[in-house]
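Q: Please take me through a close look at one part of this structure, beginning with a single buried position and moving outward from there. I would like to follow which residues meet, and how the strands around them are arranged.

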Amino acid sequence: NLVESGGGAVHPGGSLRLSCRSFDYRLENYVVGWFRQAPGKEREGIACISGSGASTNYVDSVKDRFTISRDDAKSAVYLQMNSLKSEDTADYYCAAGDSRVVCVPTGAPPITGDYSYWGQGTPVTVLS
């Protein structure tokens, strides 16, 4: 299982750093994606990082504000979120996919169905 942490409530323009940890297996070589689900909306992929960490991908709505990174020694993936906006309010989930999943910088959202292992989510609220 994956465990997310780091969510909370911030004012617009603030920052949060989300963490995704694996305690059952090592995350190295897994593609990891971050997803979010706002109230009343479908879950959407926003960022991913390749197994090697050499390639990342962001959707336009978070590009240049969010940064995904990984520390395989800690079996962890992070999402640094800066310049938060009210529309970033959502539950945030991390997910891992095996080598069949590709993460390349196309701007296309990660696809929910491609990822096999999911966390329970952490809430982010950007106060309006």
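A: In this predicted model, Asn 57 counts as buried because its relative accessibility is 4%, and the limit for that word is under 20%. Asn 57 belongs to strand β6, which covers residues 56-58. The side chain of Asn 57 comes to 2.7 Å from the backbone nitrogen of Gly 107. If neighbours within four places in sequence are left aside, the contacts of Asn 57 include Ile 46, Ala 47 and Cys 48, as well as Cys 103, Val 104, Pro 105, Thr 106, Gly 107 and Ala 108.

Ile 46, listed there as a contact of Asn 57, is also touched by Arg 36, and this leads to a second buried position. Arg 36 sits in strand β4, residues 31-37, and it counts as buried because its relative accessible area is 6%. Not counting residues up to four places away in sequence, Arg 36 touches, among others, Glu 42, Arg 43, Ser 61, Val 62, Phe 66 and Ala 90.

Which charged partners does the side chain of Arg 36 meet in salt bridges? One of them is Glu 44, with a distance of 2.8 Å from N to O, and another is Asp 88, where the closest N and O atoms are 2.9 Å apart. The pair of Asp 88 and Arg 36 links distant parts of the chain, since Asp 88 lies in the loop between β8 and β9 (90-97) while Arg 36 lies in strand β4, 52 residues apart. Side chains of opposite charge can pair when their charged atoms come close. The surroundings of these partners can be set side by side: Asp 88 is buried, at 0% relative accessibility, whereas Glu 44 is partly exposed, with a relative accessible area of 34%. Together with Arg 65, the residues Arg 36, Glu 44 and Asp 88 are linked in a network of salt bridges. The side chain of Arg 36 also has a polar contact of 3.0 Å with the side chain of Tyr 92.

Phe 66, another residue touched by Arg 36, is where strand β7 (66-71) begins, and this strand takes us into a sheet. The sheet is open and has four strands in the order β1-β3-β8-β7, paired in the antiparallel sense. β1 (2-5) and β7 stand at its edges with a single partner strand each, so one side of each is left without a neighbour in the sheet. Within it, β3 (residues 16-22) and β8 (residues 76-81) pair over six bridges, and β7 and β8 likewise pair over six bridges. Gln 80 in β8 shows this arrangement well, for Arg 17 stands opposite it and Thr 67 stands opposite it too. β8 is mostly covered, with five of its six residues buried. The hairpin of β7 and β8 has four residues between the strands, and in it Ser 75 takes a positive phi near 50 degrees.

A further salt bridge joins the side chains of Asp 72 and Arg 70 at 3.0 Å, N to O. Asp 72 is partly exposed at 21% relative accessibility, whereas Arg 70 is buried at 15%. In the whole structure, a search finds six salt bridges.

How values were computed: Residues numbered from 1 in each chain as written. Predicted model: local features only at pLDDT ≥ 70, side-chain atom pairs only at ≥ 80, totals over all residues. Heavy atoms only, no water. Helix = DSSP H or I, 4+ residues; strand = E, 2+ residues; numbered from the N terminus. Buried < 20%, exposed > 50% of the residue type's maximum accessible area, 1.4 Å probe, protein only. Polar contact = N/O pair within 3.5 Å; in protein donor to acceptor, adjacent residues only side chain to side chain. Contact = heavy atoms within 4.5 Å. Pairing = 2+ DSSP bridges. Salt bridge = Lys/Arg side-chain N within 4 Å of Asp/Glu carboxyl O.
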